[in-house]
Structure formats: structure tokens, C-alpha cells
Amino acid sequence: MTSPRTAAARRPRYPATREIDEQTGLGEVYMRSLLRTQFRLALFVCTVLACVVGGLPLLFLLIPELREVELLGVPLPWAVLAGLIYPAFVLGAWLYVRQAERNERHFAELVERR
């Protein structure tokens, strides 16, 4: 004997991309998840940047001998702040973009699996 509910119409499953496009509740959950992940990444990168930039003056204050060191005739604090910090910024930006793209790929895979 079969149940009379087997003939009942099933609710059609929409792809997650449609949920996002139509801004349904589920689509909002997906987007909030992606935005939260990207925000955490940005917050991490900014925190590291603030620690490096804020920590350098503190380092030179706590270890006065470093202020006397010269690199190619330029005092070390000036060399670090004027030239060596920018490659670190570029590297941080490159790593950020790479991780952000990875987050987006994972999100796209999650949406396609649904």
C-alpha cells in the first residue's frame, strides 16, 4: 500500500544562484557568509599592517642601537620606512587578493554543489 502523499507535488529546487539573484532569504544567507569571510580576511590584513607599521617605531624606541645602524649610508629607521616597507605592503596586498579569490572560488563551488 502506498501513501497518498507520494503523488503530492514536490516543491521545485532552485539553484543557489537563482536564490542569490532573487535575493531570497537563503540567497541572503549565502551572500552574508561570503561577505563575512571577506571581511574577516580584510580585518586580518589590516591588523597585521597596523602591527607592522605601529611596531616599527616601538622597535626603534626599545632598541636604541638600531637607530645608529646605517644601510648604504642611510639610517636603518629611514631605510625601513622609506623603502623596505613598500615591498612588504605589495606582498601583503598580493596575498590578500590571492586569498580573497580563493574564498570566492570556494563560495562558487558551494553554490554550484547545492
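The following paragraphs go through a predicted model of a protein, from its overall layout to single residues.

The protein has 114 residues. Four helices and two strands make up its secondary structure, and along the sequence they follow the pattern α-α-α-β-β-α. Two of the helices come up repeatedly below: helix 2, at residues 25–62, and helix 4, at residues 76–113. The two strands are strand 1 (70–71) and strand 2 (74–75).

Some totals describe the chain as a whole. Of its residues, 17% count as buried. The accessible surface is about 9300 Å², and carbon and sulfur atoms account for 65% of that surface. Among contacts with a separation of 6 or more, 61% are between residues 24 or more positions apart.

The unreviewed UniProt entry carries the annotation "transmembrane region" for residues 41–63 and 75–97. In the model, the span 41–63 is 96% helix and 0% strand, and its end C-alpha atoms lie 32 Å apart. The span 75–97 is 96% helix and 4% strand, with 33 Å between its end C-alpha atoms.

Where do helix 2 and helix 4 both contribute to a nonpolar core? The largest such core consists of five residues: Leu 56, Phe 60, Leu 76, Val 80 and Ile 85. Helix 2 and helix 4 are the elements that each give two or more residues to this core. Helix 4 has the largest share, with three residues. One member of the core, Leu 76, is in contact with Phe 60, and also with Leu 66, Val 69 and Glu 70, when neighbours within four places in sequence are left aside.

Leu 81 also lies in helix 4. Its relative accessible area is 42%, so Leu 81 counts as partly exposed. The C-alpha atom of Leu 81 is separated by 8.4 Å from that of Leu 56, although the two residues are 25 residues apart along the chain. Leu 81 touches Leu 56 and Tyr 86, not counting residues up to four places away in sequence.

Further along helix 4 is Gly 92. With 26% relative accessibility, Gly 92 is partly exposed. Its C-alpha atom and that of Leu 49 are separated by 8.3 Å, with their positions 43 residues apart along the chain.

Asn 103 has its place in helix 4 as well. Is Asn 103 buried or exposed? The relative accessible area of Asn 103 is 13%, which is under the 20% limit, so the residue is buried. Beyond its neighbours within four places in sequence, Asn 103 is in contact with Leu 34, Thr 37, Gln 38 and Leu 41.

Next come the aromatic rings. A pair of such rings is described by two values, the distance of the centres and the angle of the planes. The model has one aromatic pair. Its rings belong to Tyr 86 and Phe 89: the centres are 6.0 Å apart and the planes stand at 90°, so the pair is edge-to-face. The angle leads to that label because planes over 60 degrees apart count as edge-to-face. Tyr 86 and Phe 89 are both in helix 4, three residues apart, which is about one turn of the helix. Tyr 86 is partly exposed at 47% relative accessibility, and Phe 89 is partly exposed at 32%.

The cysteines can be read in a similar way. How many disulfides does the count come to? The count is zero. Cys 46 is partly exposed, with 48% relative accessibility. Cys 51, at 53% relative accessibility, counts as exposed. The two values fall under separate labels because the limit for exposed is over 50%.

The last residue is Leu 72, which sits in the loop between strand 1 and strand 2. What is the phi of Leu 72? Phi is near 55°, a positive value in a residue other than glycine. Leu 72 is exposed, with a relative accessible area of 86%.

Terms used. Residues numbered from 1 in each chain as written. Predicted model: local features only at pLDDT ≥ 70, side-chain atom pairs only at ≥ 80, totals over all residues. Heavy atoms only, no water. Phe/Tyr/Trp six-rings, centres within 6.5 Å; stacked < 30°, edge-to-face > 60°. Buried < 20%, exposed > 50% of the residue type's maximum accessible area, 1.4 Å probe, protein only. UniProt positions renumbered as here; feature names shortened; annotations may be inferred. Core = buried A, V, L, I, M, F, W, Y, C linked by side-chain atoms within 4.5 Å. Contact = heavy atoms within 4.5 Å. Areas by Shrake-Rupley, 256 points an atom, 1.4 Å probe, with all protein chains shown as cover. Disulfide = S-S within 2.5 Å.
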